[in-house]
Amino acid sequence: MKFKKNDFYQRLEQHKLIAVVNDPSQIEKVIKYKEHISAVTLMTGNILTVKRYIDILQKEEIPVILHIEKIEGLKADHYGVDFIIEYVKPFGILTTKKSVMKQAKSKGAFVIQMVFLFDTGIYHNILDSLDDIKVDMLEIMPCRATDLLEEIVRLSPVPVVTGGLLTDIRYAKEALSIGVASLATTNVEIWKRGVYGLLNE
């Protein structure tokens, strides 16, 4: 199934939840709770299985964002990116690598840049680069750095997603309160209850 960017953004607004799948056994649960889920970030599989996983999910009308560096047997170079976009056909690509971002964008892909806030230097680099951003969305990890995240969300010209270390519901609520477009999490309890279910508790 072919997803359009605007339709994806509408799904984010509706559900504010990206399910992160790091084991094939979780695919069944994603489908079970899909009414609460905007999309899936797929972080598992290899070059022999990844297309099948994506086809299963997208047949269920769930957009799949592929973390290209997590796919076994795939080299994240020019040919690897082309293979994913032209043959595997996820909705989007998630990556930390600028070379992958550039190649994926040149092929017309929806691209999400993942950034880990290890220190204040990375934080300031993000702020300094926002005026020249070339991706469609940012994913900032971890979600608990809400004071830093709030400023990024305020200044970013593209939607900001956050996740990582969502071990307690209060962290999800704090992240949502600062205006992130979506949470990205492996937490099945959040998939089950949905973001708006959490906010109403």
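Ring pairs join Phe3, Phe8, Tyr9, Phe91 and Phe110 into a cluster. The model is a predicted one, and this cluster is a convenient place to enter it. A pair of aromatic rings is described by how far apart the centres lie and by the angle between the planes. In this model the count of aromatic pairs comes to 8. One of them is formed by Phe8 and Tyr9, with 6.2 Å from centre to centre and 45° between the planes, a tilted arrangement. The two partners differ in their exposure to solvent. Phe8 has a relative accessibility of 1% and therefore counts as buried, because the limit for buried is under 20%. Tyr9, at 24%, counts as partly exposed.

Another pair in the cluster is Phe91 with Phe110. The ring centres of Phe91 and Phe110 are 4.7 Å apart and the planes meet at 35°, so this pair is tilted as well, since stacked requires under 30 degrees. Phe91 sits in the loop between helix 4 (78-88) and strand 4 (92-95), while Phe110 belongs to strand 5 (residues 110-116); the pair therefore ties together parts that are 19 residues apart in sequence. Both Phe91 and Phe110 are buried.

Aromatic rings also take part in contacts with charged side chains. Lys51 lies over the face of Tyr87, 5.1 Å from the ring centre. Arg144 is placed over the face of Tyr171, at 4.0 Å from the ring centre.

A polar residue offers another view of the interior. Gln103 is part of helix 5 (residues 98-106). Its relative accessible area is 14%, so Gln103 counts as buried. What does Gln103 touch, leaving aside its neighbours within four places in sequence? The contacts of Gln103 are His78, Val81 and Asp82.

The view can now widen to the whole chain. The secondary structure of the protein consists of 10 helices and 8 strands. Along the principal axes, the C-alpha trace spans about 40 × 40 × 30 Å. For 201 residues, a compact globule would have a radius of gyration near 17 Å; the protein has 16 Å, which agrees with that expectation. Of the 201 residues, 52% are buried. Among contacts with a separation of 6 or more, 54% are between residues 24 or more positions apart. As for the surface, the protein exposes about 10,000 Å², and carbon and sulfur atoms supply 50% of that area.

Methods:
Residues numbered from 1 in each chain as written. Predicted model: local features only at pLDDT ≥ 70, side-chain atom pairs only at ≥ 80, totals over all residues. Heavy atoms only, no water. Phe/Tyr/Trp six-rings, centres within 6.5 Å; stacked < 30°, edge-to-face > 60°. Buried < 20%, exposed > 50% of the residue type's maximum accessible area, 1.4 Å probe, protein only. Helix = DSSP H or I, 4+ residues; strand = E, 2+ residues; numbered from the N terminus. Lys NZ or Arg CZ within 6 Å of the ring centre and 35° of its normal. Contact = heavy atoms within 4.5 Å. Rg over C-alpha atoms; globule rule 2.2 N^0.38 Å. Areas by Shrake-Rupley, 256 points an atom, 1.4 Å probe, with all protein chains shown as cover.
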